[in-house]
Amino acid sequence: MANESFISIQDVSKDFGVVRAVDRVSIDIAQGEFFSLLGPSGCGKTTLLRMLAGFEFPTSGEIFIDGQPMSSVPTNHRPVSMVFQNYAIFPHLNVSQNIGYSLRKDRLSKADFNAKVGEMLDLIKLPGYEKRASHELSGGERQRVALARALVRRPKVLLLDEPLGALDKQLREQMQLELRALQKSVGITFVFVTHDQEEALTMSDRIAVMSKGRYLQIDTPTQLYESPTSRTVADFIGTMNFFEAQVKDAQNGRAHIDVGPLGSLSAPLRQQKFAAGQRVLAAIRPEKIALLAEPKPGANQVKGQVDTAAYLGDRSHFYVRIEGIERPVAVSAQNMQTAGPGVGDPDRQVWLSWAEDAVVILNADD
Amino acid sequence: MVDGTAPKAGSVSGAGTGRPGLLSWWRQLYLRSEGVRGYSLLSPTLLLMVFAIAVPLLLLFVASFWTQHLLDITPTFVFDNYLTFAEKDSYQKLLWRSLKISGFVTVLTLLLAYPMAYFIAFRIKQNKLMWIILITVPFWTSYLLRVFAWKIILGYNGVINSGLLTLGWIQAPLEFLLYNQFAVVLTLAHAWAAFAILPIYVSLEKIDRTLLEAATVLGDGPVMRFFRVTLPLSMPGVVAAALLVFIPTVGDYITPALLGGPKGLMIGNLIQLQFAKANNWPMGAALSVISLLAITLVVCAFLWFSKRVRTQNL
Ligand SMILES: Nc1ncnc2c1ncn2[C@@H]1O[C@H](COP(=O)(O)OP(=O)(O)O)[C@@H](O)[C@H]1O
Ligand SMILES: [Mg+2]
């Protein structure tokens, strides 16, 4: 990619009175990247985005966009545009006037203006909507118009604050794909705020997982899912089984840990350092565990009893009780055969098995 | 009831539902038709409007075609009064001046009220209600008192003149302050300010703040944003304020009578004269009808114009 720190957020904090909304965040975002800020409500995503837009200014720290410090640049002079959660379509203007709102200073001829607006309407697949009044638009159409309005002058950065939150599920999934395709075709850097982990995983090049004003991990969707670096991240993204464990030894990229009832395990290290005897957490995703009717030869398996089973059509969720472990273990299995009585029936005795590399070791205290 | 001993089948129905005739017919109509429900709710007001406004207006209209000589009113249908108005330049001038003064009052009031409403809507975060109450405080005293207060302020020996004399900035009292159109415009604008502030405030308060942020992020500075978003979206309030100020001030006669002097008289003073000293009620009625029509015309033109402004993209 062209510029690895096209947007550079350097040690930025923001206080509202006594509330610290953003706490010493440093993030570099590359040019043309689809970057998501993911986190629960109230974790400071909007505040961070509004500082990029210039609606708020950092209490401390500095934001650079395209190499320029933004501390004295007002919103209307920044090379950014924004799509608001409620779309903020101007109610007194029609679709064409809304989309062309920012073109006023270009002093285009009427024909050029109409051509640009028409081009944007084609892009968002609403051709012929020029003269529609804003109140004649559906939720999805408003969302598209807001997008076209923000993109018409080709900003260097587009900020999106939960733009899909108000849409119903089907439309939202469709818009996720369209938005992603659109971003790739226009090549503009997107900073996308969402509290929906699936949405972030589907669309982003990289994701910053935030919590309480800080970010916990910045990574690609795959890395975040496969190699979370903390319990909070692992918990927030997808489902995760955690087991208390103790390190026996850790070297040459592998650790041997003692997981109580699960016995002794070996797991890969991910740039982590652990001392022998340290208390850690062993984490395994539900879909990385196989449910077996009979024990198979080899290690990495444990006997249990099915507690509850939930049939979800394409897959089933099981909770399996294991002696000596308090919480039942979650197991998710693809329903590859037609369902019938079988391994997953409640109270059946089963064996759980997993691959060595499926185990993630996390610090016990964060 | 003697014959009430015979048990009727199915007579368990609740009160009213079993009663045939007018009441159930009305009830059905009431429940089915939204229009009927609406008018029923309105009915007390509607009655009052019919008897206190529509009927008198109709009488006024009819009377404007009569003639009066001394104490004798001749109820025959003639256009004499309207012809008189067409012939008398002084009458036309008075109507024209009234519209002009009210126009100035409206513009001045809007110019004074808009910043005030804007301030309360956008800058005041707490205690907005207190600010609104403060704005209505002048209305706690009578209109007449407020007019007299301006007389004291603007008068020959008034506050302004004596103040400036004491400071030595002027040698003789300024005479252009009182008894002219300026004094009338100033006093009326002050008197009607609250009527303009409130509707403008309401329409500003309703504006979604993210629209302003959207305009900013799309490249507008504060001034451009005001003219392209805030002002158009507050137009309903501005229009309401303009009408609330313009319509009643055209017919005002207390302020011009007390502060206007001969050059500041308005159509209201002439109408009052016809009903009182001149003792020509039909002429007064005709002048009233004429000024009513004039106001209607101006208001229609204004509404048409403001609609154009609202839907225009700058
Ligand atoms: N203008 C403000 N004034 C005071 N507190 C604010 C303001 N904006 C946000 N906050 C606080 O900052 C924190 C982060 O808010 P926000 O950035 O909106 O979170 P998110 O978008 O992740 O839900 C919250 O605790 C919120 O109450
Ligand atoms: Mg938010």
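The following exercises, each with a worked solution, concern a predicted model with chains A and B and ligand 1.

Residues are numbered from 1 along each chain as its sequence is written, while chains are lettered from A and ligands numbered from 1 in the order in which they are written. Local features need pLDDT of at least 70 and side-chain atom pairs count only at pLDDT 80 or more, whereas totals for chains, interfaces and linings use all residues; side-chain values use heavy atoms, with hydrogens and water left out.

**Exercise 1. Chain A as a whole**

Describe the helices and strands, the box and the burial of chain A.

Solution.
- Step 1. Helices (H or I, at least four residues) and strands (E, at least two) are DSSP runs, numbered from the N terminus. Chain A contains eight helices and 20 strands.
- Step 2. Taken along the principal axes, the box filled by the C-alpha atoms of chain A is roughly 75 × 50 × 40 Å.
- Step 3. A residue is buried under 20% relative accessible area, exposed over 50%, and partly exposed in between (1.4 Å probe, protein chains only). Of the 366 residues in chain A, 49% are buried.
- Step 4. Accessible areas come from the Shrake-Rupley method with a 1.4 Å probe; for residues, only the protein chains shown count as cover. Chain A exposes about 17,100 Å², and carbon and sulfur atoms supply 49% of that area.
- Step 5. Contact means heavy atoms within 4.5 Å. Among the contacts in chain A with a separation of 6 or more, 67% join residues 24 or more positions apart.

**Exercise 2. The surroundings of ligand 1**

Which residues lie around ligand 1, and which polar atoms are found at Gly44(A), Lys45(A) and Thr47(A)?

Solution.
- Step 1. A residue is near a molecule or strand if one of its heavy atoms lies within 4 Å of it. Around ligand 1 are Phe16(A), Ala21(A), Pro40(A), Ser41(A), Gly42(A), Cys43(A), Gly44(A), Lys45(A), Thr46(A) and Thr47(A).
- Step 2. Ala, Val, Leu, Ile, Met, Phe, Trp, Tyr, Cys and Pro count as nonpolar, Asp, Glu, Lys and Arg as charged, and the others, Gly among them, as polar. The shell accordingly holds four nonpolar residues, five polar ones and one charged residue.
- Step 3. A polar contact is a pair of N or O atoms within 3.5 Å; within protein, one must be able to donate a hydrogen and the other to accept it, and residues adjacent in sequence count only if both atoms are side-chain atoms. A polar backbone atom of Gly44(A) is 3.1 Å from an oxygen atom of ligand 1. For Lys45(A), a backbone N or O atom lies 3.0 Å from an oxygen atom of the ligand. Thr47(A) places a polar side-chain atom 2.5 Å from an oxygen atom of ligand 1.
- Step 4. Ligand 1 exposes 560 Å² when taken alone, and the protein buries 59% of that.

**Exercise 3. Helix H1 of chain A**

State how many residues helix H1 of chain A gives to the ligand shell, and how many of its residues are buried.

Solution.
- Step 1. Helix H1 (residues 45-53) gives the most to the shell around ligand 1, namely three residues.
- Step 2. Eight of the nine residues of H1(A) are buried; Lys45(A), Thr47(A) and Arg50(A) are among them.
- Step 3. Gly54(A) follows H1(A) and has a positive phi, near 90°.

**Exercise 4. Positive phi outside glycine**

Locate Asp11(A) and Ala88(A), and state whether each is buried or partly exposed.

Solution.
- Step 1. Asp11(A), in strand E1 (residues 7-16) of chain A, has a positive phi near 55° although the residue is not glycine. Asp11(A) counts as partly exposed because its relative accessibility is 33%.
- Step 2. Ala88(A), in the loop between strand E6 (80-83) and helix H2 (95-99) of chain A, has a positive phi near 50° and is likewise a residue other than glycine. Ala88(A) is buried because its relative accessible area is 3%.

**Exercise 5. Chain B**

Give the domains of chain B and describe the place of Thr106(B).

Solution.
- Step 1. Domain bounds come from an automatic or database domain assignment. Domain 1 covers 22-53 and domain 2 covers 83-313; their C-alpha centres lie 37 Å apart.
- Step 2. Thr106(B) is in helix H4 (residues 89-123) of chain B, and counts as buried because its relative accessible area is 8%.
- Step 3. Leaving aside neighbours within four places in sequence, Thr106(B) is in contact with Ala242(B), Val245(B) and Phe246(B).
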